[in-house]
Every structure is written in structure tokens, then in C-alpha cells.
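I am opening a fresh page for this model and will write down what I look up, entry by entry. The structure comes first, my notes after it.

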Protein chains: 4
Amino acid sequence: MLESLKKEVYDANMELVTKGMVIYTWGNVSGIDRKTGLVVIKPSGVDYDELTASDMTVVDFDMNIIEGRYRPSSDTKTHIRLYQAYKSLAGIVHTHSAWAVAFAQAGMAVPALGTTHADYFYGEIPCTRDLTGEEIETDYEGNTGAVIIETVADKDPMEVPGINVKNHGPFAWGKSPSEAVYHAVVMDKVAEMAYHTLALNPQVKNAPQYLLDKHYSRKHGSNAYYGQENEKGRRI
Amino acid sequence: MLESLKKEVYDANMELVTKGMVIYTWGNVSGIDRKTGLVVIKPSGVDYDELTASDMTVVDFDMNIIEGRYRPSSDTKTHIRLYQAYKSLAGIVHTHSAWAVAFAQAGMAVPALGTTHADYFYGEIPCTRDLTGEEIETDYEGNTGAVIIETVADKDPMEVPGINVKNHGPFAWGKSPSEAVYHAVVMDKVAEMAYHTLALNPQVKNAPQYLLDKHYSRKHGSNAYYGQENEKGRRI
Amino acid sequence: MLESLKKEVYDANMELVTKGMVIYTWGNVSGIDRKTGLVVIKPSGVDYDELTASDMTVVDFDMNIIEGRYRPSSDTKTHIRLYQAYKSLAGIVHTHSAWAVAFAQAGMAVPALGTTHADYFYGEIPCTRDLTGEEIETDYEGNTGAVIIETVADKDPMEVPGINVKNHGPFAWGKSPSEAVYHAVVMDKVAEMAYHTLALNPQVKNAPQYLLDKHYSRKHGSNAYYGQENEKGRRI
Amino acid sequence: MLESLKKEVYDANMELVTKGMVIYTWGNVSGIDRKTGLVVIKPSGVDYDELTASDMTVVDFDMNIIEGRYRPSSDTKTHIRLYQAYKSLAGIVHTHSAWAVAFAQAGMAVPALGTTHADYFYGEIPCTRDLTGEEIETDYEGNTGAVIIETVADKDPMEVPGINVKNHGPFAWGKSPSEAVYHAVVMDKVAEMAYHTLALNPQVKNAPQYLLDKHYSRKHGSNAYYGQENEKGRRI
């Protein structure tokens, strides 16, 4: 079942390796089939070079394994929480990419210092608060999803398509598994740029709001003029 | 039309990928045919691995698409402004390469700390001022060109063949599309070296002027003795 | 003799190259056959691209060469000391990987700043004290083993499967030669992350203990639920 | 003539590319034939991917081109000065490798912080003083050699087989062109490690002298026991 989505999810997981976002079994990508409400996700702890598309695990929102010989990623419940909260998401990724993790461990938002950032993220990339001991004990992965949702708050999740979980690392998302990976790669790259900018100029402030607005609106929304339009007038 | 220039521009764009200057669709290279006044440039937002030489877009100075099935890069107007202002330029490149961007975001010039820098850039690599909100609203890409020209001021643009736009990133140029890319790669590398030098020694000053003069003149101008001469006595 | 172990040790040594942990002849991996008490280790100073599995040297606990045409690694005695002290170890690796060495040279423990760290190391990755001049003069490699053992102290070595030797670099270990390399790679990666975190936030503290506990126990011990189980119920 | 040495010099130049020490035409390696006193060196400003072994230029100590269709490297005179001063050298290399250049631009010695350093360099890797304007005007490349010799002073050049020229970059040497490259690569790597160590612990001191002595003597001199011995008892 869902063979086409499994292939997409598998390809997106392998893209994490190609882009240098993960080593070993770190990281996981999922996709959702909104019609059935089923989530396809990388199995837990299986080496990337042993994975095949058919190894992807299919689970429902209650974590029941619907198909697959492997347990799903240990972070599956976090993915599910986000799919439940945000209907616009069709792909989610979690990595331990090094630059993003540096900000997660420092407990700092990635400031919006330039146009590279503004082309994808509308404003700072926030970092969640600490989970409490009780939140960790009772439902760690579920509460990781909850604290992300708490941090996104009343923003549109597609305007800040990635976030850092404190002392942990980035979760990113998109309208497909591959777009989720795309946002995870960009997030790590803008974190790298922000790190070096902060070292050069510790007093640096976010870029002017009108510049951030301009770049975000150049690529997103009804007045976008970056990229090409397909036959339906949708930006591609 | 301009098939040979399209090939040059295409090759130069692909060189950005090979040299690690860009990921995804970031960055763009153009070339100009001075006889017809036509500019050949990478299309906007098309993946590098789907590009072919014949996909390059041909535009005139008024941004009319003369040939090509894709819209030109959203930065095309910036390129055109520079071609209009500087007759010696035949290739221009824009990237978001990480070390150069760090200085752009910090709003700092790349200081001239050594011979690697001085072999290509005569003096610091400047960073433009902020664009005003009005400049961004009325003609963002045109004014990006204008602020570069304002910053180059009365210098010969070929003596500082690259510059950072504040909170944005590097533009570089040369006597051909491939030389423009060459200068963009060097600019990123000397930015990397300057970053680490500043971290080791925050009080560091520019290298002695006579050393900078020596290295620049060893490679450029009538007394150059670096490299080889071709049959016409021109340095290659 | 021990051809299968030689192959394992050889593969683990080559993995050091593939993972970017070593250049030239730096680094060495060993494995032990607990039945015979013999140690198989990389020869000293032989280029990686000239090595074959049959070049691995077999030594006993008294440093006698039991088989092999090459002298064993100059660090062999350190490996032997650790095998003697810790019966649970079946593979040991020493590298000069750059991020771990930075902490070894700074004489600092790698703090436990996040879940990437906690998934593998239960608490900080310590750095030994300086060896004394006398310890170096009388039995350098043996005393390097001794000071590692002194630093591990009463901890289970498998809970902190790597340690830095002051002004020198990392030793890591595991239940097999390949697991030892795995831990060495992870140690270097978490050192990289910790370095950048400390630069962003010099006052950063270790992650909350309950988060560290959670992640370590998610992957290790009787309540682990990361990864897959094999037919015998053992986590793989 | 000297075809075998040309091949060695060519291979060593290409090794600079493989090891990531140079981009474009940066860097040059030479070798000397002590019998004839002739130096074989990379031509100036020719792309690495167009070079062949037979393109290497042969010059005498007076800079006369004895064989070759290209001008020799613009740094040739520096190489010659060093060959004249130090009879034990048979290969010299100059690069602009980024970590070493950071120290050259900062005007700082690379401190001897650990065993990686001590395995190859006996003590700090010094940085020369500034050349004076007059030294640069009258005989830049010759005086670059002179200031290196002034900085090595009464040390054995083989005990510190590399040095930084202020605001410029590293020169390294060895008993062959390939050993010179080897030392250049190690110098860049220990500079990288020292950079990060200094960032972690700005007050760090050189490693204890007895540790530095131990590691250097383990690999060099009559009591060396690292590596293998060949049939003549010489360490390889």
C-alpha cells in the first residue's frame, strides 16, 4: 500500500545523506497520505545503505503499525502530533545536522540576518523551551510535538517551516517529504551563516524588516515573482 | 542566437555548483554580448541538474525576453545596471556562498589581510550600505545595482572585482562569465581566511600597503610577471 | 590465524579513512580474540592504501608478535592495558580527529549539551590529566592506558565509550572493532557540535539530567526502544 | 632531462589538489637534483588540470630556464634561496592553505599544543617578521627566502619542516617533493587544531616539553620506534 508515498519518503530519507545532514541512522523523514490519514516513516535504527523503499513503515495516528516489518522511527509520535495540528503539512523531517544543533544546544533562535534566511523563513527560527522532567517521563515524543506547536503558536507553520527543539535539534516540514528535507537543508545553511555572522559582529541585529518582507514576498504569496509558473499559474 | 555565449554562461553556472558556491537554485551567472547589447542569464528557480545551455534566457537592457522559455533570474536587473555602468564587464555572478555572506550579514568589509587577497582584490572588499525601505519598494533589483555602483564609487571595478550587498551576499564580475565565477570563488576563500584571522587576532590590521601593491602589480598591469604570456603579449 | 578478526580490524581501520577521521597513517584500530587473549592491530606507519587484511599484526598481552610481518602500532600497549582492565571491550580505536583533538589540547571535557551526545555517552566525555615526565619516560604507552583507566574510574566504560587523552587525542571503544570506530566518529561529531555551542553561548550548561537520562535509556539498557530487536530479543 | 624528478614534482603538485591544499593555480612544489644543482618546479599560473609532468620547468640557481616551455613559478627564487641555504632539503612547497594562512595573516606562530604537532614539528611553527618596503621593492622573492632563513635561525630546518611567511602563507620542505607536500598538509591540519583549541581555551599553553620531546623522538632520530624499518635499518 501507498507504494508511491513510500518511494517519496525513501528518496527524501536518502537525500538527507546526500546533503550531508545525517550520519549513520540519525534523522528521519515521514510523509502523510491525507485521504487515509496514514503516515509513512523511516524505520528506527536501520542503516541507510540497507534501506529500501519497501522498508518504510506505515502507521496510523494511534501508532499502530499498518504495514512494514520494522518498528517506526522512535520519533514517530512527534511527527504525528504535527500532522494532527497542521493540515497543510505533508512531509516532516528530523535531523541532527551540526549547525542547527549548535543553536538548539545553545538554546538560541537563529536570527534573521539576511536574504538567504528570508527567502524561506519569515522571521527568526525559534528554539523551544526545555521540556519538563514530567513531560519527558510521561510522553517524551508526544510532548516534543506539543512543545513545537506551543512555540509555533499562532504563526502559520509554512511561514517558518522549521524549528529547533531545545538541546535536541531541528524539525522541519513542507508540502511534501522532499520539501521538508529542502527546508531542513536550508535551515542548517542559514544557521551556519548566522553562526559566523554572530562571531564577526556579536551586536548584529536582524536585517531590516522591509528587506525581510521583500525577500519573503518575492518567493511566496500572490505577488511572488521568483521562479517559474506552471500551466495552472502555481509557482514551482 | 548567441549559442556560444549561452554555453559559456551555462558552464559558468555549473561551475558554481562544482566549486561549492551554491546549493539548490541559489546563485546566477550572466554574460553580455556587447555588440548586440543582449544579456544571457540563468533562468529563475530552475534546478541546476535540469538546466541545459539552451535554457539560458536572453534579455535586452529593458528586461524584454528576446529568447528563452523561462523567466530570467529575479536578479537580472541588478546585472543589467552593472553592465550599463561598467563597459569592461562581460560576466557577472551572484551567489549566497557562506563565508562571503557572513561578512555581508555582519555589514563588514573583508579586510585585505594578506597576499591571497591582494593577488585579486586591490584593497578591502567593501560592503554596501543598507537599502532604504523606499529603494526596496520601488525598484529592489535595480537599486541593488545602484548601491553597488555607489559603493564602487570612483574605483576601477576590475581592481575590486566583487562586493558584498548588505544583509544579502556577494556580486562578482570579470571579463567573462567564467572569470566572474573565478572571482566569486576567490572572494569566498579570502573571506574564509579573513574570518579565521580576525578570530585569532581581533586587532589585526590590513597587510602593509607595499605588500598589497607588490602582489597586485605582480599579477595585474603592465609590469605583471605572474603567469604566462600568449602570442599577443597579453597575460593569460 | 584469526583471519576473520583480521578482516574486521582491517575494515574498521579503513572506515576511519572513509569517515574522515584520519589522514596519512594516523589512527589505529584493534580487536581482541578473548578466547586466545590475542590482539589484532594495525601495523605502525604503513599507508592505508597499501594495507591489506593480512597485514594486520597479531600480538599477545606481552607485546610479542605472534603473527605478521610488520611491527604493531606504536600505541599497542595502550590498547592492551584497556583490554586487560575492561573485559567488555572487544575493539579499541585511537585517532587524531580534529574536533576531539581540539578538546584534548584545550584540556577540557566535552560537555553533554544535547541528545546527540546523550544517545551514546552517558555524561561528559572526560579528558585525562597530564602524564608526568616520569610516566612518559618510563612507559609512555602503558601509562597512557593507565591514565585512561584512572579517568574512567568507577564508571562502566561502555557508558562513556570514548575519552580524550590530554594534549593527545581520543581513544574510543566498543563491543567490536567497528563499534569502536562508530563511537570515535560520534565522539568527533558531538565535539564539533559542543565547540560551536560554546562559541554561541559560553555560559551554556549541560542539558537537563532528565533529558540526558531519557535519551541514553531510550537506546541502552533493558527499557531501550530505539532500533530493532533481533530474533533473540537483543537490540541491534 | 631529469624526467624522473619531473614526474615526482608533477605528482607532488597534483597531490596538493587532491589533499585540498590549493584551488586554481595557487601553490607550487619544486624538487632539486643535487648532482647538477638544477631545480624542477611548477610553471607559473597554469591550471592544474592542464599540467603534465613534461610541463615542469627546469631552472638553475641563477633562474635561467634550462628546459621547459613555460616560465617557472613566480616564487622560484624563494625556493632557490632555501635550497642554497639548506643542503638537506630536496623538495619545497608553497601553498595558500586556509588554516595555515589564518596564522600567517594574524602574524602568530602555530603553538605546539599536542602530539599531532609534535610528531612532525619540534616546537612552534614560527611566522616570519614583515618584510620591509625596501626588501619587497628590491628583490621580493629572494628576500622572502631570506626572511625564512632568518626565522629558522640556528635550528635544523628538518626539525621544523615548515614556516609561515607573514601576511602570506606557508612554505614547507622535506627530503623529497612528496615529503614537502606531506609536511604542508600536516602543517595545515595542526594549524586547524590549534585554531579551535585557542578558541576553546584562549589561555592554553604549549604542551609539556617532555611530551613534545617524547613524540618527536618516537618518530625521529636514532631512538625512533614509530613505523617500520627497511632492509638498511632506515625508518620508512
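**Rotation axis.** I looked up which residue of chain D comes closest to the rotation axis, and found D:Ala199, with its C-alpha at 5.7 Å. The axis belongs to a rotation of 90° with 0.0 Å of shift along it, which superposes chain D on chain B with an RMSD of 0.0 Å; the fit is by least squares on the C-alpha atoms of residues with pLDDT of at least 70 in both copies. The two copies are thus related as by a four-fold rotation axis.

**Basis of these notes.** I keep in mind that this is a predicted model, in which local features need pLDDT of at least 70 and side-chain atom pairs count only at pLDDT 80 or more, while totals for chains, interfaces and linings use all residues. Residues are numbered from 1 along each chain as its sequence is written, chains are lettered from A and ligands numbered from 1 in the order in which they are written, and side-chain values use heavy atoms, with hydrogens and water left out.

**Interfaces.** I noted that only 3% of the interface residues of chain D are also interface residues in chain B, so the copies meet through different surfaces.

**D:Tyr182.** I found this residue in helix H6 of chain D, residues 177-200; helices (H or I, at least four residues) and strands (E, at least two) are DSSP runs, numbered from the N terminus. Leaving aside residues up to four places away in sequence, D:Tyr182 touches C:Tyr24, D:Tyr120 and D:Lys219, where contact means heavy atoms within 4.5 Å. Its relative accessible area is 21%, which makes D:Tyr182 partly exposed, that is, between buried (under 20%) and exposed (over 50%), with a 1.4 Å probe and protein chains only.

**The sheet of chain D.** I traced an open sheet of seven strands with antiparallel pairing, in the order S4-S3-S2-S1-S5-S7-S6; two strands pair if DSSP finds at least two bridges between them. Its edge strands are S4 (65-67) and S6 (162-165), each of which pairs on one side only. Strand S3 (residues 57-59) and S4 of chain D are joined in the antiparallel sense over two bridges, and D:Val59 stands opposite D:Ile65 in S4(D).

**Helix H2 of chain C.** Within residues 76-85, I listed the buried residues as C:Thr76, C:Thr78, C:His79, C:Ile80, C:Leu82 and C:Tyr83. What covers them includes helix H5 (133-152) and strand S7 (169-174) of chain C.
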